Every structure is written in C-alpha cells, then in structure tokens.
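Got the structure open in your viewer? Here is a tour, stop by stop, telling you what to select and what you'll find there.

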Amino acid sequence: MKENWFEVIHEDKKSKARVGVLHTLHGDVFTPVFMPVGTQGTVKYLSNEELKAIGSQIILSNTYHLWLRPGENVIENAGGLQKFTNYNAPMLTDSGGFQVFSLASTRKINEEGVTFKNHLNGDLLFLSPEKSIQIQNKLGADIIMSFDECPAYPSEYDYLKNSVERTVRWAKRGKEVHQREDQALFGIVQGADKEELRKYSAEELVKIGFDGYSIGGTSVGEDKETMKKMVDYSVKYLPKNKPIYQMGIGSYDAIFEGVLRGVDMFDCVLPTRIARHGALMTSQGRINIRDKQYEYDLSPLDPECNCETCRNYTRSYLRHLYRVDEGLGKRLLSLHNLRFLLKLTEDMRKAILEDRFIEFKEEFFNKYNLNKINPKGF
RNA sequence: GGGGAGGUAGCGAAGAGGCUAAACGCGGUAGACUGUAAAUCUAUUCCUUUGGGUUCGGCAGUUCGAAUCUGCCCCUCCCCA
C-alpha cells in the first residue's frame, strides 16, 4: 500500500481524537469509522443497498469462514470479495485469528500455526500465518489482517508473553508472503493489560512495518478501566501516521473511549447480534422490543433516528415481528442498530472537526443518560 | 347398545403410595450478548403478606401419608353395532 494511503485530516485540539481518510481501491473511508460485520460475506439480514443507505462505508468479512465455505477459489473466481458479494465498496477481512480464540475448545496452537476442528463437520484443519494471508490475497479485501492469537483474559503472564512474541513472529511471516500492493496489511497488537507486553508487541510490529495497526485482545471480559489501559498502552507505541483499529468494539461508550485515545476504526457484531435478539440502541437508552410495555406503543423505535425502520414502523409492529420470529423484524432491527452507530461516528467526525469532541462526548452521555438506564452502557 | 383408551399447571406431556408444588417441551415474563460455531444463551412462570395456602375431572373411601390404591359419578376420544 502507498505510504500516504491514510491521511489525518484534523486532530482534535483537546484529545487524541482525529478525523482521517483511508484511500482504498474501492473508495475512501472517513474515520473514525464503525464497520459492520458480515462474517459469511453478508451482514446478516441486510442487503448491500440497505447498508449503503444507512451510511456504511466499509464492511468486514472473515477468512476462516469464507475459507470453509465457499472456499477462497470460488471468491477469487468471481473476481474477489467485492465482486462476489456485489458490495462495490471497501471491505476488510479478519485473519481467522479471532477463531483461534472463539473456537478454543477445538484447537491446538503451536509455532507453525493452529489446528482447528472444523466447526461444521469436525474435520481437522490447519491455519498458519502464511495460509491466512494467502487466502486473504485471494479474497481480495482492501484491508487484511495478520494472523494472531487473541489470548483469553485473564491469562498467566508467561503464557501471554509467549503468545505475544509468537504473534509478532506470525505477523512477520505473514508480511513476507503478502503479495498484493492494493491490499493494506495490518499488524495486531496484543499483550492484554500489561504495558510492557503491549509496548513490545507494538514496537516489534512497527519495526516490521504495516499499513495500519490493530489493537486486539480488548473486550474479552475485562472491565472498562482495564480496556482503557489496554488501548492507552497500545496507541502510545504506535505511529500517528497510520490508522489504528480497535477490534471487536461496538458499545457506544467503548467507541467514545477509543476515539478519545486515538483509535480510528472499530468493528463489532454487537449491533446486529443484539438486534436479532430484540435489543436496540436508541436515543432513549437501550430497550428490548420484546417487552410488554411496547405492545400498544405506536411511536417509532427511536424518535431521533432517520433510518428506514424508524421512519416507517411502530414499536408495536416491530415487537410483533420479533415475537413471531419473522425475518423482516431481524432486518429492520439490525438496520436500526447499525444506523445508530454509523450516525454516532458521523457525529463524532463533525465534533472532532470543530474541536469539540470532549464536549460532544459529555453531551451525548448526558443527553441520552444511558448509563442510568443501562449501567453496562450498551 | 357392546368393546377399548383417557381426563395432570395457559397448552402439550411425564409421573403409578412418602425423595412431588409436580420432570420435560411449548407458550408467557424478564435478562444477557462486543475481530459472529449465536433466529443463541440464562432466569422465572399455581396463589402468597415468603410464614404459609390450595392443587393432578368430581365426590366418598383405604392409608401415618394419595396425582398415584378402591368405589361411585361426570366428561372426552377411538372401534364395533
């Protein structure tokens, strides 16, 4: 990737928040950005047209899952992920590293790579840093990830140290086989809440040299203060002229904390998953549309939202769709939750450009008062 | 008219003398979910002033003790006339 593929447009005068732009072959992405997750080459229940209509700039897909089905050759044959899915806009693939964590019960890690029991039929599969990059080269996303291990939290220090060092070696091996100049390759900083490990991880990755840097290993069960430390300990040792991506973050408060600390990119299944389960992020706090109190409620899901769902449907009807388990319900609810986060990042970019990010954060928290309604802050 | 099966919580359905306010499923009411093995998982669901109260079609019995055993009655379904 060209050295200036990422440009910082404006830095907030009172925090580390910044507005930037990623130049990719499939278009520009303005940061801070929230990236919806479409693991299997689709954001569950939503079409590309709907995603674009709510302001989605870039979406994620997953190497492990696409490798299993339909297979990277099928996607390469179609001309790459963007053509295969007809999402003619920027895309990012995760390396399969997270599956090392989430499929922990069926995997074995060694220096060479990871042996998984395929979650579909139990077949033994082997994924290595080289293999992951080679698959991602074929998938052809605009941004691809190094193959890492995301250790459980908490883990023993010795285990963490070995894991972090191995993840650095894996990153180097991945970079060595990376073929495509049109794909940005990110390294992933690990090290849990240990500053010396985060420092080591970040500095070693920077020595190798990547087009951007991810912060991995957050939101794996640690408390909020610990997550802030993890971000601080990572950003501190990363270059300012490269994008920083905090992986797996989708609660509004964690996004604020990340942006405040200099993070540019976020992705998360949270908005779509909780939507499918009836939970919605609204300007009035988090609600569960299944609840009886909405049975006769003819108001929109979120009166301050302009998404298709909020413009056209009542809570009463959305509750009905949820309860009868209709796909339209899952679609409309997913659409809204994504719009909520996309709008949030749009507003963040505006606030940063006006040097009022900290004020915006306070206004947002106060206005919506979500902490009072939902202590966990989703 | 003859023969057979059965009536258990909102529904379906286990249980065949004490470990049973009664398994399990559905339905109901809530909660969770953060680089998606997730249309998933968890709690709760007779009443209650949390001490207890009232239950397994009804009534009457047997028994220290009955949803479970006995008698009579009521009701459903199936087969044959």
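In what order do the three strands E1, E2 and E3 lie in their open sheet, and is the pairing parallel or antiparallel? The order is E1-E2-E3, and the pairing is antiparallel. Keep in mind as you look around that this is a predicted model.

**Stop 1: the sheet of E1, E2 and E3**

Select residues 6–11 for strand E1 and 27–31 for strand E3. These two stand at the edges with a single partner strand each, so one side of each has no neighbour in the sheet. On average, neighbouring strands here are turned by 20° against each other, ignoring direction. Now add strand E2, residues 18–24, which is joined to E1 by five bridges and runs antiparallel to E1. Zoom in on Val8 and you'll see Gly20 of E2 standing opposite. Then bring up H14: this helix packs on the sheet and touches E1, E2 and E3, and its direction makes about 120° with that of E2.

**Stop 2: H14 and H15**

Stay with H14 and add helix H15, residues 357–368. The two helices pack at an angle of about 145°, and their axes are 8 Å apart. To view the contact, pick Phe340, Leu344, Asp347, Met348, Ala351 and Ile352 on the H14 side, then Phe357, Phe360 and Phe364 on the H15 side. Sorted by class, this contact has eight nonpolar residues, one charged and no polar ones.

**Stop 3: the cores**

Which residues have the most contacts inside the largest nonpolar core? They are Phe256 and Phe364, in a core of 73 residues. Helix H14, residues 327–353, supplies the largest share of this core, with nine residues. Click on Phe256 next: setting aside neighbours within four places in sequence, Phe256 is in contact with Leu344, Met348, Phe357, Phe360, Lys361, Phe364 and Phe365. There's also a second, separate core of 19 residues, and Trp5, Ile143, Met145 and Met265 are among them.

**Stop 4: the sheet of E7, E8 and E9**

Here's another open sheet of three strands, in the order E7-E8-E9, with antiparallel pairing. Its edge strands are E7 (107–109) and E9 (124–127), and each pairs on one side only. Neighbouring strands of this sheet are turned by 20° against each other on average, direction ignored. Select E8, residues 114–117, and you can follow four bridges across to E9 in the antiparallel sense. One spot to click is Thr115, whose bridge partner in E9 is Phe126.

**Stop 5: helix H7**

How far apart are the end C-alpha atoms of H7? Select residues 157–177 and check: the distance is 31 Å, which agrees with the 30 Å that 21 residues should span at 1.5 Å a residue. Many side chains to look at here are buried, including Leu160, Val164, Trp170, Ala171 and Val177. What covers the buried residues of H7 includes E7 and E8 from the previous stop, along with helix H6 (129–139), strand E11 (184–189) and helix H8 (195–208).

**Stop 6: Glu304**

Finish in the loop between strand E16 (285–288) and helix H12 (308–312), where you'll find Glu304. Is Glu304 buried or partly exposed? Glu304 counts as partly exposed because its relative accessible area is 49%, and partly exposed covers values from 20% to 50%. Show Ser283 too: this residue is 21 residues away along the chain, yet the two C-alpha atoms are separated by 6.6 Å. Beyond its neighbours within four places in sequence, Glu304 is in contact with Ser283, Lys367 and Tyr368.

Note on methods
Residues numbered from 1 in each chain as written. Chains lettered and ligands numbered in written order. Predicted model: local features only at pLDDT ≥ 70, side-chain atom pairs only at ≥ 80, totals over all residues. Heavy atoms only, no water. Pairing = 2+ DSSP bridges. Axes fitted to C-alpha atoms, helices over the stretch in contact; angles between N-to-C directions. Buried < 20%, exposed > 50% of the residue type's maximum accessible area, 1.4 Å probe, protein only. Contact = heavy atoms within 4.5 Å. Expected span 1.5 Å × (residues − 1). Core = buried A, V, L, I, M, F, W, Y, C linked by side-chain atoms within 4.5 Å. Nonpolar A, V, L, I, M, F, W, Y, C, P; charged D, E, K, R; others polar.
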